Amino acid sequence: NDENGHDRFKCSIGKNVFTDTGAILDIDDDGDAQVQAKIELQDVVEYPSTTFNPNIMGFFSFLDATVGMECVHKVVAIDSKMKGHITFKYGSKVDKINMNDGRAYVEGDYGSEFPSKWIWMASNHFESSPGSSMLLSVASIPFPNEKSTILNFKGFLGFVYDASSGNIYRFGTYTGASVEVEGFNDGSLKGANQAFIKIYWGSY
């Protein structure tokens, strides 16, 4: 938490640091290849947090705190501008990519296992609506967790953010919405490059 008591995102892996304000990369495979980067996030649009919906998982966030769910999802930044660069070194060759004026979307997962079946899609690149973004995630959920499963159900969550109005429309299992994904249950989507999805809005 920061000095104001807000929950901040930070993950460190070796020399690499990822936060809700940017990232620092320093990757060396002990060979000829190296990746170095310093990215700063600006004008970050955070996912709205309320008492009963602290993040994208809604009240399931509280379930994780009590029983420890298999996998927990968190949206860090709906959209933001970027400033910085990424440098790739291959022996004597050096490529530097300017990330200034780019756009970023940041999210994370943590837990003990990744879902056995899942679909994930997100985008914040809409030419007709700069700054808008969307997320949809569908997964097979063992309840309450993979170690003491009472039932398995198809859970999903997502949102659509309209930058022009500042409105965010959230939907998911916890909002009373429902989703249909052709081929999700029988495994025929494995390796596919497209999916047909229908979402029915909830009342919550």
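What percentage of the 204 residues in the protein is buried? Buried residues make up 35% of them. The model is predicted, and every value below is computed from it.

**Overall architecture**

The protein contains 1 helix and 13 strands. Read from the N terminus, the order of elements is β-β-β-β-α-β-β-β-β-β-β-β-β-β, with four strands ahead of the helix and nine after it. The C-alpha trace spans about 55 × 40 × 40 Å along its principal axes.

**Strand pairing**

The table lists three strand pairs, each with its bridge count and one residue pair.

| Strand pair | Sense | Bridges | Residue pair |
|---|---|---|---|
| β2 (residues 16–19) and β3 (residues 22–28) | antiparallel | 3 bridges | V17 and I24 |
| β3 and β4 (residues 33–45) | antiparallel | 7 bridges | L25 and A37 |
| β8 and β9 (residues 133–143) | antiparallel | 6 bridges | M121 and L136 |

Strand β3 takes part in two of these pairings. On one side of the chain order, β2 and β3 form a hairpin with 2 residues between them. Within this pair, V17 has I24 of β3 as its bridge partner. In the other direction, β3 pairs with β4 over 7 bridges, and L25 has its bridge partner in β4 at A37. The hairpin of β3 and β4 has 4 residues between the strands. One of the residues in this hairpin, D30, takes a positive phi near 60 degrees.

**The sheet of β8 to β11**

An open sheet of 4 strands has the order β8-β9-β10-β11, and its pairing is antiparallel. Strands β8 (118–123) and β11 (167–172) stand at the edges with a single partner strand each, so one side of each has no neighbour in the sheet. From one strand to the next, the twist averages 15 degrees. The edge strand β8 is joined to β9 by 6 bridges, and M121 stands opposite L136 in β9. In a regular strand, side chains alternate between the two faces of the sheet.

**The second largest pocket**

Which residues lie closest to the centre of the second largest pocket? This pocket has a volume of about 370 Å³. Its lining comprises 22 residues, of which H73, S137, A139, I141 and L157 are the closest to the centre. Two or more lining residues come from each of β5 (71–90), β7 (103–111), β8, β9 and β10 (151–162). Three strands of the open sheet, β8, β9 and β10, are therefore among the contributors. By residue class, the lining divides into 15 nonpolar, 4 polar and 3 charged residues.

**Cysteines**

How many disulfides does a search of the whole structure find? The search returns 0. A disulfide is a covalent bond between the sulfur atoms of two cysteines. For C11, the closest cysteine sulfur is that of C71, 14 Å away, which is too far for a bond; the cut-off for a disulfide is a sulfur pair within 2.5 Å. Likewise, C71 is in no disulfide, with the sulfur of C11 as its nearest cysteine sulfur.

Are C11 and C71 buried or exposed? With a relative accessible area of 32%, C11 is partly exposed. By contrast, C71 has 17% relative accessibility and counts as buried, because buried means under 20% relative accessible area.

Definitions and conventions. Residues numbered from 1 in each chain as written. Predicted model: local features only at pLDDT ≥ 70, side-chain atom pairs only at ≥ 80, totals over all residues. Heavy atoms only, no water. Pairing = 2+ DSSP bridges. Axes fitted to C-alpha atoms, helices over the stretch in contact; angles between N-to-C directions. 1 Å grid on protein atoms, 1.4 Å probe; cavity = no way out; pocket = protein on both sides within 12 Å on 5 of 7 lines; lining within 4 Å. Points joined across faces, edges and corners; volume = space filled by probe spheres on them. Nonpolar A, V, L, I, M, F, W, Y, C, P; charged D, E, K, R; others polar. Buried < 20%, exposed > 50% of the residue type's maximum accessible area, 1.4 Å probe, protein only.
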